[in-house]
Amino acid sequence: MRYQLSIFMENRPGKLEAITKILAQNNINIRGISLASAGEFGVVKIIANESDRAYEVLKKAHFAVSKREIVIALINDTPGSLHDLLKNLSSNNINVEDCYGIVLEEGEKAAIVLEVEKFPEAERVLKANNITVMSDTEI
Amino acid sequence: MIWNDHYETMERDRLKQVQSRSLRELVERVYKKVPFYRRKMDEQGVKPSDINQIIDIVKLPFTTKQEMRDVYPFKLLAVDLSDIVEIHTSSGTTGKPVVDAYTLRDIDTWSEVMARTLSMGDVTRQDIVQNAYGYGLFTGGLGVHYGARRIGANVIPISGGNTKRQLMIMQDFRSNVLTCTPSYSLYLAEAALEEGIDFSKLPLRVGFFGAEPWSEGMRKEIEAKLHLKALDIFGLTEIIGPGVAQECMCQDGLHIFEDHFYPEIIDPETERLLPEGEKGELVLTTLTKEGTPVLRYRTRDITYLNYKTCRCGRTSVRMNRILGRTDDMLIIRGVNVFPSQIEEVLLQVEGVEPHYQLLIDRKGQLDSIEIQVEMIEKLFSDEIKMLEKTEKKIENALYSSLGVHSKVKLVEPKSIPRSEGKARRVIDKRQV
(Lines give C-alpha, C1' and ligand atoms only; values in the text may rest on other atoms or scores of the structure.)
Protein backbone atom coordinates (compact mmCIF):
# COMPACT_ATOMS: atom_id res chain seq x y z
CA MET A 1 0.00 0.00 0.00
CA ARG A 2 1.35 3.39 -0.92
CA TYR A 3 0.24 6.93 -1.37
CA GLN A 4 0.43 9.59 -4.00
CA LEU A 5 0.20 13.27 -3.13
CA SER A 6 -1.69 15.69 -5.37
CA ILE A 7 -0.90 19.37 -5.07
CA PHE A 8 -2.79 22.30 -6.52
CA MET A 9 -0.56 24.62 -8.48
CA GLU A 10 -0.96 27.75 -10.54
CA ASN A 11 0.37 27.26 -14.04
CA ARG A 12 3.21 29.79 -13.90
CA PRO A 13 7.01 29.66 -13.96
CA GLY A 14 8.52 28.89 -10.56
CA LYS A 15 5.44 27.22 -9.10
CA LEU A 16 6.60 23.62 -9.50
CA GLU A 17 9.99 24.65 -8.21
CA ALA A 18 8.39 25.97 -5.02
CA ILE A 19 7.10 22.46 -4.32
CA THR A 20 10.33 20.61 -5.14
CA LYS A 21 12.25 23.10 -2.99
CA ILE A 22 10.22 22.27 0.10
CA LEU A 23 10.68 18.55 -0.43
CA ALA A 24 14.42 18.98 -1.00
CA GLN A 25 14.82 21.13 2.10
CA ASN A 26 13.11 18.43 4.14
CA ASN A 27 15.25 15.71 2.63
CA ILE A 28 12.32 13.92 1.06
CA ASN A 29 13.00 11.87 -2.05
CA ILE A 30 10.67 12.03 -5.03
CA ARG A 31 10.21 8.58 -6.56
CA GLY A 32 7.65 9.46 -9.18
CA ILE A 33 6.12 12.64 -10.53
CA SER A 34 3.55 13.57 -13.11
CA LEU A 35 1.83 16.80 -13.96
CA ALA A 36 -1.47 17.66 -15.55
CA SER A 37 -2.61 21.15 -16.31
CA ALA A 38 -5.74 22.82 -17.53
CA GLY A 39 -5.17 26.38 -18.65
CA GLU A 40 -4.21 28.47 -15.67
CA PHE A 41 -3.87 25.80 -13.05
CA GLY A 42 -2.60 22.30 -12.74
CA VAL A 43 -2.23 19.36 -10.41
CA VAL A 44 1.14 17.84 -9.72
CA LYS A 45 1.21 14.25 -8.49
CA ILE A 46 4.14 13.07 -6.46
CA ILE A 47 5.15 9.71 -5.04
CA ALA A 48 7.57 10.34 -2.20
CA ASN A 49 9.62 7.99 -0.07
CA GLU A 50 7.95 9.38 3.06
CA SER A 51 4.46 10.30 1.98
CA ASP A 52 3.12 11.23 5.43
CA ARG A 53 5.95 13.64 6.12
CA ALA A 54 5.78 15.06 2.59
CA TYR A 55 2.06 15.69 3.12
CA GLU A 56 2.70 17.50 6.40
CA VAL A 57 5.49 19.76 5.16
CA LEU A 58 3.53 20.78 2.07
CA LYS A 59 0.44 21.49 4.12
CA LYS A 60 2.46 23.57 6.52
CA ALA A 61 3.72 25.60 3.58
CA HIS A 62 0.06 26.34 2.73
CA PHE A 63 -0.34 24.15 -0.34
CA ALA A 64 -3.69 22.55 -1.08
CA VAL A 65 -2.64 18.94 -0.99
CA SER A 66 -4.44 15.62 -0.89
CA LYS A 67 -3.32 12.03 -0.47
CA ARG A 68 -4.68 8.90 -2.10
CA GLU A 69 -3.79 5.26 -2.35
CA ILE A 70 -2.38 4.01 -5.63
CA VAL A 71 -1.14 0.75 -7.11
CA ILE A 72 2.34 0.47 -8.53
CA ALA A 73 2.60 -2.62 -10.68
CA LEU A 74 5.82 -4.12 -12.00
CA ILE A 75 5.54 -5.59 -15.47
CA ASN A 76 7.93 -6.99 -18.03
CA ASP A 77 9.35 -4.58 -20.57
CA THR A 78 7.92 -6.60 -23.43
CA PRO A 79 5.22 -6.00 -26.03
CA GLY A 80 1.75 -6.78 -24.64
CA SER A 81 2.61 -6.60 -20.93
CA LEU A 82 0.65 -3.44 -20.22
CA HIS A 83 -2.18 -4.76 -22.31
CA ASP A 84 -2.37 -7.91 -20.17
CA LEU A 85 -2.41 -5.87 -17.01
CA LEU A 86 -5.21 -3.61 -18.21
CA LYS A 87 -7.22 -6.56 -19.50
CA ASN A 88 -7.17 -8.06 -16.02
CA LEU A 89 -8.53 -4.86 -14.56
CA SER A 90 -11.19 -4.17 -17.18
CA SER A 91 -12.47 -7.74 -17.14
CA ASN A 92 -13.06 -7.22 -13.42
CA ASN A 93 -14.86 -3.96 -14.12
CA ILE A 94 -12.15 -1.81 -12.54
CA ASN A 95 -11.85 1.64 -14.07
CA VAL A 96 -8.43 3.32 -14.41
CA GLU A 97 -8.64 7.01 -13.63
CA ASP A 98 -5.05 7.95 -14.24
CA CYS A 99 -2.00 5.99 -15.25
CA TYR A 100 1.63 6.65 -16.03
CA GLY A 101 4.74 4.51 -16.24
CA ILE A 102 8.40 4.24 -16.96
CA VAL A 103 10.90 1.57 -17.95
CA LEU A 104 13.14 0.60 -15.04
CA GLU A 105 15.51 -1.74 -16.84
CA GLU A 106 15.67 -1.84 -20.61
CA GLY A 107 14.07 -5.05 -21.87
CA GLU A 108 13.48 -6.23 -18.30
CA LYS A 109 11.13 -4.30 -16.08
CA ALA A 110 8.75 -1.34 -16.13
CA ALA A 111 6.74 0.34 -13.35
CA ILE A 112 3.15 1.38 -13.91
CA VAL A 113 1.37 3.76 -11.52
CA LEU A 114 -2.37 3.26 -11.45
CA GLU A 115 -5.13 5.37 -9.93
CA VAL A 116 -8.22 3.26 -9.62
CA GLU A 117 -11.61 3.64 -8.00
CA LYS A 118 -11.77 0.20 -6.47
CA PHE A 119 -8.47 0.13 -4.71
CA PRO A 120 -8.27 -3.11 -2.72
CA GLU A 121 -9.95 -5.11 -5.51
CA ALA A 122 -7.42 -3.87 -8.05
CA GLU A 123 -4.53 -4.98 -5.91
CA ARG A 124 -6.16 -8.36 -5.32
CA VAL A 125 -6.86 -8.92 -9.02
CA LEU A 126 -3.30 -8.06 -10.01
CA LYS A 127 -1.78 -10.33 -7.36
CA ALA A 128 -4.08 -13.16 -8.36
CA ASN A 129 -2.77 -12.83 -11.93
CA ASN A 130 0.84 -12.97 -10.81
CA ILE A 131 1.57 -9.32 -11.43
CA THR A 132 4.02 -7.89 -8.90
CA VAL A 133 2.71 -4.97 -6.86
CA MET A 134 5.36 -2.87 -5.15
CA SER A 135 5.24 -2.48 -1.39
CA ASP A 136 6.17 0.54 0.67
CA THR A 137 9.67 -0.58 1.44
CA GLU A 138 10.43 -1.11 -2.21
CA ILE A 139 9.73 2.52 -3.15
CA MET B 1 -29.22 45.44 27.27
CA ILE B 2 -30.27 49.05 26.64
CA TRP B 3 -27.81 51.74 27.78
CA ASN B 4 -30.09 54.77 27.48
CA ASP B 5 -33.73 53.76 27.93
CA HIS B 6 -34.94 57.32 27.62
CA TYR B 7 -33.68 57.97 24.11
CA GLU B 8 -33.42 54.45 22.72
CA THR B 9 -37.04 53.51 23.45
CA MET B 10 -38.56 56.97 23.08
CA GLU B 11 -41.95 57.20 21.42
CA ARG B 12 -41.39 58.27 17.81
CA ASP B 13 -43.57 61.40 17.95
CA ARG B 14 -41.68 62.58 21.00
CA LEU B 15 -38.38 61.81 19.24
CA LYS B 16 -39.43 63.98 16.29
CA GLN B 17 -39.88 66.91 18.69
CA VAL B 18 -36.40 66.33 20.09
CA GLN B 19 -34.97 66.13 16.57
CA SER B 20 -36.84 69.26 15.43
CA ARG B 21 -35.46 71.27 18.31
CA SER B 22 -31.92 70.03 17.70
CA LEU B 23 -32.17 70.77 13.99
CA ARG B 24 -33.36 74.36 14.61
CA GLU B 25 -30.43 74.96 16.95
CA LEU B 26 -27.98 73.33 14.57
CA VAL B 27 -29.05 75.38 11.55
CA GLU B 28 -28.92 78.62 13.47
CA ARG B 29 -25.48 77.78 14.77
CA VAL B 30 -23.94 76.81 11.44
CA TYR B 31 -25.56 79.72 9.59
CA LYS B 32 -23.98 82.12 12.03
CA LYS B 33 -20.60 80.45 12.53
CA VAL B 34 -19.68 78.58 9.33
CA PRO B 35 -19.39 80.71 6.17
CA PHE B 36 -19.35 77.50 4.10
CA TYR B 37 -22.90 76.58 5.20
CA ARG B 38 -24.16 80.16 5.12
CA ARG B 39 -23.08 80.52 1.49
CA LYS B 40 -24.67 77.20 0.55
CA MET B 41 -27.94 78.03 2.31
CA ASP B 42 -28.02 81.49 0.72
CA GLU B 43 -27.48 79.94 -2.70
CA GLN B 44 -30.40 77.60 -2.04
CA GLY B 45 -32.49 80.52 -0.73
CA VAL B 46 -33.11 78.93 2.66
CA LYS B 47 -32.85 80.80 5.96
CA PRO B 48 -32.68 79.41 9.52
CA SER B 49 -36.24 80.70 10.08
CA ASP B 50 -37.46 78.31 7.34
CA ILE B 51 -36.50 75.34 9.51
CA ASN B 52 -39.10 74.45 12.13
CA GLN B 53 -39.86 70.76 12.01
CA ILE B 54 -37.47 67.90 11.34
CA ILE B 55 -39.15 67.32 7.96
CA ASP B 56 -37.94 70.76 6.90
CA ILE B 57 -34.50 69.21 6.64
CA VAL B 58 -35.18 68.51 2.94
CA LYS B 59 -34.92 72.27 2.32
CA LEU B 60 -31.26 72.23 3.35
CA PRO B 61 -28.36 71.75 0.93
CA PHE B 62 -26.42 68.49 0.79
CA THR B 63 -22.77 68.23 1.75
CA THR B 64 -20.54 66.01 -0.40
CA LYS B 65 -17.30 64.21 0.36
CA GLN B 66 -15.48 66.51 -2.05
CA GLU B 67 -16.76 69.58 -0.17
CA MET B 68 -15.63 68.07 3.11
CA ARG B 69 -12.15 67.82 1.60
CA ASP B 70 -12.24 71.32 0.16
CA VAL B 71 -12.80 72.82 3.62
CA TYR B 72 -9.62 71.11 4.87
CA PRO B 73 -8.41 71.61 7.50
CA PHE B 74 -10.60 73.88 9.65
CA LYS B 75 -13.12 75.69 7.50
CA LEU B 76 -16.00 73.61 8.85
CA LEU B 77 -15.38 74.53 12.48
CA ALA B 78 -18.45 75.99 14.22
CA VAL B 79 -16.51 76.80 17.42
CA ASP B 80 -13.18 78.45 18.22
CA LEU B 81 -10.21 76.18 17.63
CA SER B 82 -9.39 76.59 21.32
CA ASP B 83 -12.65 74.79 22.17
CA ILE B 84 -11.51 71.72 20.22
CA VAL B 85 -10.02 68.99 22.42
CA GLU B 86 -9.34 66.26 19.88
CA ILE B 87 -9.02 65.84 16.13
CA HIS B 88 -9.38 62.77 13.95
CA THR B 89 -9.20 62.39 10.18
CA SER B 90 -10.22 59.92 7.52
CA SER B 91 -7.42 57.93 5.89
CA GLY B 92 -7.19 60.36 2.99
CA THR B 93 -6.02 57.69 0.58
CA THR B 94 -7.64 59.50 -2.33
CA GLY B 95 -6.66 63.08 -1.50
CA LYS B 96 -6.79 65.41 1.49
CA PRO B 97 -8.39 63.71 4.49
CA VAL B 98 -11.68 64.75 6.09
CA VAL B 99 -11.19 66.41 9.47
CA ASP B 100 -13.43 65.61 12.42
CA ALA B 101 -12.81 68.03 15.31
CA TYR B 102 -14.42 67.35 18.70
CA THR B 103 -15.31 69.65 21.56
CA LEU B 104 -15.43 68.25 25.07
CA ARG B 105 -19.18 67.82 24.64
CA ASP B 106 -18.66 66.01 21.32
CA ILE B 107 -16.35 63.54 23.05
CA ASP B 108 -19.05 63.12 25.68
CA THR B 109 -21.64 62.43 22.95
CA TRP B 110 -19.26 60.00 21.29
CA SER B 111 -18.72 58.14 24.56
CA GLU B 112 -22.51 57.99 25.02
CA VAL B 113 -23.32 56.59 21.57
CA MET B 114 -20.43 54.12 21.82
CA ALA B 115 -21.66 53.01 25.26
CA ARG B 116 -25.05 52.38 23.61
CA THR B 117 -23.25 50.55 20.80
CA LEU B 118 -21.35 48.17 23.07
CA SER B 119 -24.43 47.64 25.25
CA MET B 120 -26.18 46.24 22.18
CA GLY B 121 -23.80 43.28 22.49
CA ASP B 122 -24.49 43.12 26.24
CA VAL B 123 -21.07 44.50 27.18
CA THR B 124 -20.91 45.46 30.87
CA ARG B 125 -18.27 46.48 33.35
CA GLN B 126 -17.51 42.77 33.86
CA ASP B 127 -16.21 42.42 30.30
CA ILE B 128 -12.74 42.55 28.76
CA VAL B 129 -12.76 44.32 25.41
CA GLN B 130 -9.86 43.55 23.08
CA ASN B 131 -9.93 46.61 20.88
CA ALA B 132 -8.07 45.78 17.67
CA TYR B 133 -9.24 48.82 15.77
CA GLY B 134 -6.37 51.18 15.02
CA TYR B 135 -5.60 53.87 17.58
CA GLY B 136 -4.51 57.19 16.18
CA LEU B 137 -6.08 59.52 13.67
CA PHE B 138 -8.48 56.73 12.64
CA THR B 139 -11.69 57.03 14.69
CA GLY B 140 -12.16 53.28 15.27
CA GLY B 141 -9.72 52.73 18.12
CA LEU B 142 -10.55 55.67 20.35
CA GLY B 143 -14.29 55.50 19.59
CA VAL B 144 -14.54 51.98 21.00
CA HIS B 145 -12.18 53.00 23.79
CA TYR B 146 -14.42 55.85 24.97
CA GLY B 147 -17.54 53.68 24.86
CA ALA B 148 -15.92 50.88 26.84
CA ARG B 149 -14.64 53.41 29.39
CA ARG B 150 -18.11 54.93 29.77
CA ILE B 151 -19.54 51.50 30.52
CA GLY B 152 -16.66 50.71 32.85
CA ALA B 153 -15.54 47.66 30.91
CA ASN B 154 -11.88 46.70 30.86
CA VAL B 155 -10.54 47.85 27.51
CA ILE B 156 -7.29 46.48 26.10
CA PRO B 157 -6.01 49.13 23.66
CA ILE B 158 -4.04 46.67 21.57
CA SER B 159 -4.81 48.46 18.29
CA GLY B 160 -4.58 46.74 14.90
CA GLY B 161 -1.95 44.31 13.65
CA ASN B 162 0.63 42.16 15.39
CA THR B 163 -1.45 39.03 15.10
CA LYS B 164 0.72 36.82 17.30
CA ARG B 165 0.43 39.27 20.16
CA GLN B 166 -3.32 39.58 19.61
CA LEU B 167 -3.65 35.82 20.07
CA MET B 168 -1.38 35.75 23.09
CA ILE B 169 -3.27 38.56 24.83
CA MET B 170 -6.59 37.00 23.92
CA GLN B 171 -5.60 33.80 25.70
CA ASP B 172 -3.77 35.30 28.66
CA PHE B 173 -6.15 38.19 29.44
CA ARG B 174 -9.24 36.09 28.66
CA SER B 175 -10.75 38.78 26.40
CA ASN B 176 -14.44 38.12 25.77
CA VAL B 177 -15.25 41.02 23.44
CA LEU B 178 -13.40 41.60 20.16
CA THR B 179 -13.52 44.73 18.02
CA CYS B 180 -11.84 44.80 14.59
CA THR B 181 -12.60 44.71 10.88
CA PRO B 182 -14.42 41.56 9.71
CA SER B 183 -11.58 40.61 7.37
CA TYR B 184 -9.05 40.88 10.19
CA SER B 185 -11.19 38.66 12.41
CA LEU B 186 -10.90 35.90 9.81
CA TYR B 187 -7.20 36.50 9.54
CA LEU B 188 -6.96 36.03 13.31
CA ALA B 189 -8.91 32.77 12.99
CA GLU B 190 -6.54 31.53 10.32
CA ALA B 191 -3.48 32.45 12.35
CA ALA B 192 -4.97 30.80 15.44
CA LEU B 193 -5.45 27.57 13.52
CA GLU B 194 -1.78 27.57 12.57
CA GLU B 195 -0.75 28.17 16.16
CA GLY B 196 -3.04 25.38 17.30
CA ILE B 197 -5.31 27.73 19.24
CA ASP B 198 -8.90 26.55 19.58
CA PHE B 199 -11.35 29.47 19.58
CA SER B 200 -14.07 27.31 21.09
CA LYS B 201 -11.96 27.14 24.25
CA LEU B 202 -11.56 30.92 24.51
CA PRO B 203 -14.08 33.09 26.36
CA LEU B 204 -14.78 35.32 23.33
CA ARG B 205 -18.51 35.95 23.27
CA VAL B 206 -19.28 38.87 20.97
CA GLY B 207 -17.51 40.88 18.29
CA PHE B 208 -18.17 44.31 16.81
CA PHE B 209 -17.09 44.22 13.20
CA GLY B 210 -17.16 47.10 10.76
CA ALA B 211 -15.22 49.79 8.89
CA GLU B 212 -15.62 47.80 5.67
CA PRO B 213 -18.58 46.21 3.90
CA TRP B 214 -19.28 42.57 4.69
CA SER B 215 -22.01 40.10 3.97
CA GLU B 216 -24.34 37.74 5.78
CA GLY B 217 -22.27 34.81 4.50
CA MET B 218 -19.14 36.31 6.00
CA ARG B 219 -20.98 36.70 9.30
CA LYS B 220 -21.74 32.95 9.37
CA GLU B 221 -18.11 32.22 8.59
CA ILE B 222 -16.86 34.50 11.39
CA GLU B 223 -19.34 33.15 13.92
CA ALA B 224 -18.40 29.55 13.12
CA LYS B 225 -14.66 30.13 13.21
CA LEU B 226 -14.37 32.48 16.18
CA HIS B 227 -17.22 31.02 18.23
CA LEU B 228 -18.83 34.35 18.99
CA LYS B 229 -21.80 36.46 18.01
CA ALA B 230 -20.76 38.82 15.20
CA LEU B 231 -22.46 42.23 15.24
CA ASP B 232 -22.27 44.89 12.55
CA ILE B 233 -21.03 48.31 13.66
CA PHE B 234 -21.42 51.37 11.47
CA GLY B 235 -19.93 54.82 11.54
CA LEU B 236 -17.92 57.27 9.51
CA THR B 237 -15.34 59.92 10.23
CA GLU B 238 -17.41 62.59 8.50
CA ILE B 239 -20.16 62.13 11.10
CA ILE B 240 -18.38 61.12 14.34
CA GLY B 241 -16.60 57.80 13.72
CA PRO B 242 -18.07 54.55 15.04
CA GLY B 243 -21.26 55.02 17.02
CA VAL B 244 -23.65 56.15 14.29
CA ALA B 245 -25.54 52.84 14.15
CA GLN B 246 -25.22 49.39 15.67
CA GLU B 247 -26.82 46.00 15.36
CA CYS B 248 -28.40 44.56 18.50
CA MET B 249 -28.42 40.87 19.46
CA CYS B 250 -31.48 40.36 17.19
CA GLN B 251 -29.11 40.89 14.20
CA ASP B 252 -31.93 42.43 12.24
CA GLY B 253 -30.68 45.82 11.09
CA LEU B 254 -28.55 48.52 12.71
CA HIS B 255 -30.16 50.93 15.16
CA ILE B 256 -29.29 54.52 14.28
CA PHE B 257 -28.78 56.86 17.25
CA GLU B 258 -31.38 59.22 15.89
CA ASP B 259 -31.35 61.79 18.66
CA HIS B 260 -27.83 62.62 17.43
CA PHE B 261 -27.76 61.58 13.77
CA TYR B 262 -30.70 62.07 11.44
CA PRO B 263 -30.91 59.62 8.51
CA GLU B 264 -32.56 60.05 5.13
CA ILE B 265 -32.54 57.82 2.06
CA ILE B 266 -32.35 59.53 -1.31
CA ASP B 267 -32.19 58.53 -4.93
CA PRO B 268 -28.50 59.23 -5.75
CA GLU B 269 -29.42 60.41 -9.25
CA THR B 270 -32.44 62.66 -8.66
CA GLU B 271 -31.54 63.48 -4.99
CA ARG B 272 -35.20 62.97 -4.10
CA LEU B 273 -36.20 61.59 -0.71
CA LEU B 274 -37.30 57.93 -0.97
CA PRO B 275 -40.09 56.32 1.08
CA GLU B 276 -39.40 53.88 3.94
CA GLY B 277 -38.00 50.56 2.79
CA GLU B 278 -36.70 51.72 -0.56
CA LYS B 279 -33.04 51.26 -1.35
CA GLY B 280 -30.99 54.38 -1.92
CA GLU B 281 -28.13 56.50 -0.67
CA LEU B 282 -27.91 57.17 3.05
CA VAL B 283 -27.75 60.85 4.01
CA LEU B 284 -26.83 61.84 7.56
CA THR B 285 -27.08 65.07 9.55
CA THR B 286 -25.27 65.56 12.86
CA LEU B 287 -28.03 67.04 15.01
CA THR B 288 -25.99 67.77 18.10
CA LYS B 289 -22.37 68.01 17.01
CA GLU B 290 -20.52 71.20 18.02
CA GLY B 291 -17.02 71.04 16.52
CA THR B 292 -17.57 70.10 12.88
CA PRO B 293 -21.34 69.82 12.31
CA VAL B 294 -22.47 68.30 9.01
CA LEU B 295 -25.68 69.06 7.13
CA ARG B 296 -27.15 66.27 4.99
CA TYR B 297 -23.90 64.42 4.31
CA ARG B 298 -24.10 62.17 1.29
CA THR B 299 -22.46 58.98 2.58
CA ARG B 300 -22.55 57.18 -0.79
CA ASP B 301 -23.56 54.07 1.17
CA ILE B 302 -26.53 52.18 -0.22
CA THR B 303 -29.08 50.87 2.29
CA TYR B 304 -32.74 51.16 3.34
CA LEU B 305 -34.53 52.05 6.57
CA ASN B 306 -37.03 50.24 8.76
CA TYR B 307 -39.04 52.23 11.35
CA LYS B 308 -40.73 49.28 13.08
CA THR B 309 -40.00 48.75 16.75
CA CYS B 310 -37.35 46.05 17.13
CA ARG B 311 -37.82 42.85 19.15
CA CYS B 312 -35.17 44.24 21.52
CA GLY B 313 -37.58 47.03 22.47
CA ARG B 314 -35.71 49.90 20.85
CA THR B 315 -37.88 52.28 18.84
CA SER B 316 -35.00 53.77 16.87
CA VAL B 317 -34.96 53.39 13.10
CA ARG B 318 -32.87 50.53 11.76
CA MET B 319 -30.76 50.64 8.63
CA ASN B 320 -30.02 47.47 6.73
CA ARG B 321 -26.39 46.40 6.52
CA ILE B 322 -24.66 48.43 3.81
CA LEU B 323 -25.51 46.88 0.46
CA GLY B 324 -22.78 48.70 -1.41
CA ARG B 325 -21.48 52.13 -2.18
CA THR B 326 -22.50 54.43 -4.97
CA ASP B 327 -18.80 54.82 -5.75
CA ASP B 328 -17.85 51.16 -5.16
CA MET B 329 -20.45 50.21 -7.65
CA LEU B 330 -18.77 48.58 -10.63
CA ILE B 331 -20.40 48.99 -13.97
CA ILE B 332 -19.47 45.89 -15.90
CA ARG B 333 -20.76 45.89 -19.46
CA GLY B 334 -23.52 48.23 -18.36
CA VAL B 335 -24.60 46.09 -15.39
CA ASN B 336 -24.33 47.51 -11.87
CA VAL B 337 -22.33 45.15 -9.70
CA PHE B 338 -21.39 45.58 -6.04
CA PRO B 339 -18.42 43.66 -4.64
CA SER B 340 -20.61 42.70 -1.66
CA GLN B 341 -22.98 40.87 -4.04
CA ILE B 342 -20.09 38.85 -5.39
CA GLU B 343 -18.97 37.95 -1.89
CA GLU B 344 -22.47 36.79 -1.01
CA VAL B 345 -22.54 34.43 -4.00
CA LEU B 346 -19.03 33.09 -3.38
CA LEU B 347 -19.76 32.19 0.21
CA GLN B 348 -22.85 30.26 -0.81
CA VAL B 349 -20.70 27.90 -2.84
CA GLU B 350 -19.67 24.95 -0.70
CA GLY B 351 -16.10 25.21 0.47
CA VAL B 352 -15.33 28.74 -0.70
CA GLU B 353 -13.66 30.96 1.88
CA PRO B 354 -13.88 34.75 1.91
CA HIS B 355 -10.42 35.21 0.44
CA TYR B 356 -10.98 36.57 -3.01
CA GLN B 357 -10.08 39.45 -5.24
CA LEU B 358 -11.83 41.01 -8.22
CA LEU B 359 -9.84 42.09 -11.24
CA ILE B 360 -11.64 44.36 -13.64
CA ASP B 361 -10.10 44.98 -17.03
CA ARG B 362 -11.12 46.11 -20.45
CA LYS B 363 -10.10 44.22 -23.55
CA GLY B 364 -10.94 46.27 -26.61
CA GLN B 365 -14.39 47.61 -25.87
CA LEU B 366 -15.40 44.81 -23.55
CA ASP B 367 -15.14 44.87 -19.77
CA SER B 368 -13.96 41.66 -18.19
CA ILE B 369 -14.21 40.59 -14.59
CA GLU B 370 -11.97 37.95 -13.15
CA ILE B 371 -12.57 36.61 -9.69
CA GLN B 372 -9.63 34.98 -8.00
CA VAL B 373 -10.67 32.46 -5.41
CA GLU B 374 -8.25 30.72 -3.12
CA MET B 375 -8.09 26.97 -3.39
CA ILE B 376 -8.49 25.32 -0.03
CA GLU B 377 -8.44 21.70 0.98
CA LYS B 378 -12.23 21.41 1.10
CA LEU B 379 -12.43 22.58 -2.50
CA PHE B 380 -9.46 20.62 -3.78
CA SER B 381 -9.68 17.51 -5.86
CA ASP B 382 -6.78 15.70 -7.49
CA GLU B 383 -8.88 15.44 -10.63
CA ILE B 384 -8.51 18.28 -13.09
CA LYS B 385 -12.04 17.82 -14.34
CA MET B 386 -13.44 18.28 -10.82
CA LEU B 387 -11.48 21.51 -10.43
CA GLU B 388 -12.78 22.76 -13.74
CA LYS B 389 -16.26 21.85 -12.57
CA THR B 390 -15.73 23.92 -9.42
CA GLU B 391 -14.72 26.92 -11.51
CA LYS B 392 -17.77 26.47 -13.72
CA LYS B 393 -20.04 26.06 -10.69
CA ILE B 394 -18.87 29.37 -9.23
CA GLU B 395 -19.12 31.10 -12.60
CA ASN B 396 -22.68 29.89 -13.07
CA ALA B 397 -23.73 30.94 -9.57
CA LEU B 398 -22.27 34.39 -10.22
CA TYR B 399 -23.98 34.69 -13.58
CA SER B 400 -27.39 33.81 -12.24
CA SER B 401 -27.03 36.37 -9.44
CA LEU B 402 -25.26 39.24 -11.20
CA GLY B 403 -26.50 38.84 -14.75
CA VAL B 404 -23.03 39.28 -16.12
CA HIS B 405 -20.44 36.70 -17.09
CA SER B 406 -17.27 36.54 -15.06
CA LYS B 407 -14.21 34.36 -15.15
CA VAL B 408 -13.28 32.47 -12.03
CA LYS B 409 -9.64 31.65 -11.47
CA LEU B 410 -8.57 29.29 -8.73
CA VAL B 411 -5.36 30.44 -7.09
CA GLU B 412 -3.06 28.88 -4.51
CA PRO B 413 -3.85 29.11 -0.81
CA LYS B 414 -2.59 32.29 0.90
CA SER B 415 -1.70 33.89 -2.41
CA ILE B 416 -4.22 36.73 -2.01
CA PRO B 417 -2.70 39.40 0.25
CA ARG B 418 -4.17 39.50 3.76
CA SER B 419 -4.99 42.81 5.32
CA GLU B 420 -4.83 43.88 8.92
CA GLY B 421 -7.25 46.73 8.25
CA LYS B 422 -9.63 47.12 5.38
CA ALA B 423 -9.35 44.38 2.76
CA ARG B 424 -8.60 45.46 -0.77
CA ARG B 425 -11.06 43.49 -2.84
CA VAL B 426 -11.19 45.22 -6.18
CA ILE B 427 -8.42 45.98 -8.62
CA ASP B 428 -9.77 47.98 -11.52
CA LYS B 429 -7.28 48.07 -14.36
CA ARG B 430 -9.59 49.73 -16.85
CA GLN B 431 -8.23 52.87 -18.48
CA VAL B 432 -11.32 54.95 -19.05
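Me: What makes β10-β11-β12-β15 of chain B an open sheet, and which strands are its edges?
Reply: In this predicted model, the 4 strands run in that order with antiparallel pairing. The edge strands are β10 (261-266) and β15 (324-325), since each pairs on one side only. Strands here are DSSP runs of E, at least two residues, and helices are runs of H or I, at least four, numbered from the N terminus.

Me: How do you know that β12 and β15 of chain B pair?
Reply: Pairing takes at least two bridges found by DSSP. Strand β12 (residues 297-303) and β15(B) have 2 bridges, in the antiparallel sense, so by that definition they pair. B:Ile302 stands opposite B:Gly324 in β15(B).

Me: Why is chain B said to be in contact with chain A?
Reply: Contact means C-beta atoms, placed from the backbone, within 7 Å. By that rule 14 residues of chain B touch 15 residues of chain A. On the chain B side, α11 (384-402) and β20 (407-411) each give two or more residues.

Me: What makes up that side of chain B by residue class?
Reply: There are 8 nonpolar, no polar and 6 charged. Ala, Val, Leu, Ile, Met, Phe, Trp, Tyr, Cys and Pro count as nonpolar, Asp, Glu, Lys and Arg as charged, and the others, Gly among them, as polar.

Me: How do you know where the domains of chain B begin and end?
Reply: The bounds come from an automatic or database domain assignment: domain 1 is 1-325 and domain 2 is 330-428. Their contact takes 18 residues from domain 1 and 13 residues from domain 2.

Me: How are residues and chains labelled, and what are the pLDDT limits?
Reply: Residues are numbered from 1 along each chain as its sequence is written, with chains lettered from A and ligands numbered from 1 in the order in which they are written. Local features need pLDDT of at least 70 and side-chain atom pairs count only at pLDDT 80 or more, while totals for chains, interfaces and linings use all residues.

Technical notes. Two residues are in contact if their C-beta atoms, placed from the backbone, lie within 7 Å.
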